[in-house]
Structures are given as C-alpha cells and as structure tokens.
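Got a few minutes to walk through a fold together? Here is an informal tour, from the surface to the core and then on to the charged side chains.

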Amino acid sequence: MRQLTESDFTLFKAEAEKWIALFGLKDWAVTFDFSPLENSRAECFVNWHAKAAIITLGQFPRGEVTQDDVRRSAFHEVCELLLSDMEFTALNEEIPHAERKTMTEVARHAVIRRLENSVFKSC
C-alpha cells in the first residue's frame, strides 16, 4: 500500500478549498489536518455552534490510494460539511419536533440554494 504523503495532503486541501468556495461555505471556519484515522481515509468533524470544522486526511489501512481517491475524499468531506446544518437540526432532540421540522426544511433549502448558486454560476 502506498502511504499518503504531504503532496497528497496539499492536493486534498486544495481540492477541499475549491469545493468550499464553489459551494459558498465561507461562513465556516475550516482547518485541515493530516493525521492517522482508524476507519476511513478522511473525515469531517463539525462544531455546529462555533461554525467550525476540521477536515482530516489520514492513512487508511486497506487498498491502494490514487490522486483521484484523494480528490474524491476531499469532495466527500466538503459535502459532509455542506449537509451538516441539516443533520444537526434534524437530530437535535432538544428542539421541539414542530420547530425542528421547520428548521430542517430551512436547512434543506439552504443546501439547495448553495447548490443552485454554485451550479448556475458555472453555466
């Protein structure tokens, strides 16, 4: 198995930053980390209250890793961030159900608007 390198991390970070910009996720404070992970090649840890995220690229113990895999991992983790507000709202049982339902709909439409703004900006 090829070990991921600093060059891979540079590619990962640049790819993630591209998607963060394209999706308009500049309201998030995002930092990047390159450290071992046990169960995945990459992960996105989100602190919803602080609007902060850590996107990590790590060694994954199975299989060969290509540059395309690194790019796809970056895209995947940014999508995790894109959907995180909706997940937080939907799963927060401290919010009354009716209010949570409305907030989840608002979060879903916020994702749709971000996608509209990114897709139709590039057309």
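## A walk through the model

Let's start with Phe 120, which sits in helix α3, the run covering residues 97–121. Keep in mind that this is a predicted model. Is Phe 120 buried or exposed? Phe 120 is exposed, with a relative accessible area of 61%. Phe 120 also has company out there: together with Leu 115 and Val 119, Phe 120 makes a nonpolar surface patch of about 280 Å².

That is one side of the story. In soluble globular proteins, nonpolar side chains tend to be buried together. So what does the inside look like here?

**The core.** The largest nonpolar core has 24 residues. Which of them touch the most other members? Those are Phe 12, Phe 23, Leu 25, Phe 32, Val 70, Val 78 and Leu 81. Several elements chip in: helix α1 (6–22), strand β2 (42–47), strand β3 (52–57) and helix α2 (67–91) each supply at least two residues of this core.

Phe 12 is a good residue to click on. Setting aside neighbours within four places in sequence, Phe 12 is in contact with Phe 32, Ala 42, Ile 55, Thr 56, Leu 57, Val 70, Ser 73, Ala 74 and Glu 77. Two names in that contact list, Phe 32 and Val 70, also turn up among the core residues that touch the most other members.

Take Ser 73 from that contact list, a residue of helix α2. Ser 73 counts as buried because its relative accessibility is 8%, and the cut-off for buried is under 20%. Leaving out residues up to four places away in sequence, Ser 73 touches Phe 12, Arg 41 and Ala 42.

**The strands.** Now for the sheet pairing. Strand β3 pairs with β1 (residues 29–34) in the parallel sense, over six bridges. With β2, strand β3 pairs in the antiparallel sense, also over six bridges. If you want to check the register, Ile 54 in β3 is handy: Ile 54 is the bridge partner of Thr 31 and also the bridge partner of Phe 45. Over at Val 46, the bridge partner in β3 is Ala 53.

Strands β2 and β3 also form a hairpin, with four residues between them. Which residue in the turn has a positive phi? That would be Lys 51, at about 50°. Lys 51 is a residue other than glycine, so to speak, with that positive value. Lys 51 is partly exposed, with a relative accessible area of 23%.

**The charged network.** Lys 51 has another role in this tour. Side chains of opposite charge can pair when their charged atoms come close. How many salt bridges does a search of the whole structure find? The search finds six, and three of the pairs are set out here.

| Salt bridge | Closest N to O |
|---|---|
| Lys 51 and Asp 27 | 3.4 Å |
| Arg 114 and Asp 27 | 3.0 Å |
| Lys 51 and Asp 85 | 3.1 Å |

Where do the partners of the Lys 51 and Asp 85 pair lie? Lys 51 is in the loop between β2 and β3 and Asp 85 is in helix α2, so the pair links distant parts of the chain, 34 residues apart. 

Asp 27 is partly exposed, with a relative accessible area of 40%. The Arg 114 and Asp 27 pair also links distant parts of the chain, with Arg 114 in helix α3 and Asp 27 in the loop between α1 and β1, 87 residues apart. Asp 85 is partly exposed too, at 28% relative accessible area.

Put together, Asp 27, Lys 51, Asp 85 and Arg 114 are linked in a network of salt bridges.

Notes:
Residues numbered from 1 in each chain as written. Predicted model: local features only at pLDDT ≥ 70, side-chain atom pairs only at ≥ 80, totals over all residues. Heavy atoms only, no water. Patch = residues over 30% accessible without salt bridge, like charges linked within 9 Å, V, L, I, M, F, W, Y side chains within 5 Å. Areas by Shrake-Rupley, 256 points an atom, 1.4 Å probe, with all protein chains shown as cover. Salt bridge = Lys/Arg side-chain N within 4 Å of Asp/Glu carboxyl O. Buried < 20%, exposed > 50% of the residue type's maximum accessible area, 1.4 Å probe, protein only. Core = buried A, V, L, I, M, F, W, Y, C linked by side-chain atoms within 4.5 Å. Contact = heavy atoms within 4.5 Å. Pairing = 2+ DSSP bridges.
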